[in-house]
Amino acid sequence: MSGWTNDELSKIGAAEELRIASLRRDGTLRNPVTVWVVRLGDDLYVRSVNGRTAAWFRGAQAHHAGHIHAGGVDKNVTFVDADPAIDDGLDAAYRTKYRRYAARIVDSIVSAGARAATLKLVAR
């Protein structure tokens, strides 16, 4: 069970962008950043186009909790490292969803660095 309702999965999966904010050590939220989100089955995933060194990604890795907003859905989430075995499926999902963008833009989200910075969003 993913913790997401079918309605939430549909709305977030269809959203063009997702606002993501990780928790600080003191429990407050960092400033949100905008990322692309894809749905694969009953799960939602985000990637850092700038790899594992991006500030928002480091924050997500430090505390594994935060908040997202997309498609009219606001939700507290846990960040879990994605299984690299699904990278090809996620690449296909990104290429399909964002195909109207220039190839060089989409290529950045399916690069080796972005693939290494993939998080599964788990509702909490």
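1. Does Arg 47 count as buried or exposed? This is a predicted model, and in it Arg 47 has 2% relative accessibility. Buried means under 20%, so Arg 47 counts as buried.

2. Look next at where Arg 47 sits and what its side chain meets. Arg 47 belongs to strand 4. Its side chain makes a polar contact with the side chain of Asp 91, at 2.7 Å.

3. Asp 91 leads to helix 3, which spans residues 87–97. Asp 91 is buried there, and so are Asp 87, Leu 90, Ala 93, Tyr 94 and Lys 97. These buried residues lie on the same side of helix 3, because they cover an arc of only 165° around the axis. The general pattern helps here: an α-helix has 3.6 residues a turn, so residues three or four places apart point the same way.

4. What covers the buried residues of helix 3? The cover includes three helices and three strands by name: helix 1 (6–14), helix 4 (103–109) and helix 5 (112–115), along with strand 3 (37–40), strand 4 (43–47) and strand 7 (118–123).

5. Now the largest pocket. Its volume is about 150 Å³. Arg 47 is one of the residues that line it. Others in the lining include Glu 17, Trp 36, Asn 50 and Trp 56. The lining divides into 6 nonpolar, 4 polar and 2 charged residues.

6. Which element gives the most to the lining of the largest pocket? Helix 4 does, with 3 residues. Strand 2 (33–35) also supplies at least two. Ile 105, Ser 108 and Ile 109 are among the lining residues, as are Thr 34 and Val 35.

Note on methods:
Residues numbered from 1 in each chain as written. Predicted model: local features only at pLDDT ≥ 70, side-chain atom pairs only at ≥ 80, totals over all residues. Heavy atoms only, no water. Buried < 20%, exposed > 50% of the residue type's maximum accessible area, 1.4 Å probe, protein only. Helix = DSSP H or I, 4+ residues; strand = E, 2+ residues; numbered from the N terminus. Arc of directions from axis to C-beta. Contact = heavy atoms within 4.5 Å. 1 Å grid on protein atoms, 1.4 Å probe; cavity = no way out; pocket = protein on both sides within 12 Å on 5 of 7 lines; lining within 4 Å. Points joined across faces, edges and corners; volume = space filled by probe spheres on them. Nonpolar A, V, L, I, M, F, W, Y, C, P; charged D, E, K, R; others polar. Polar contact = N/O pair within 3.5 Å; in protein donor to acceptor, adjacent residues only side chain to side chain.
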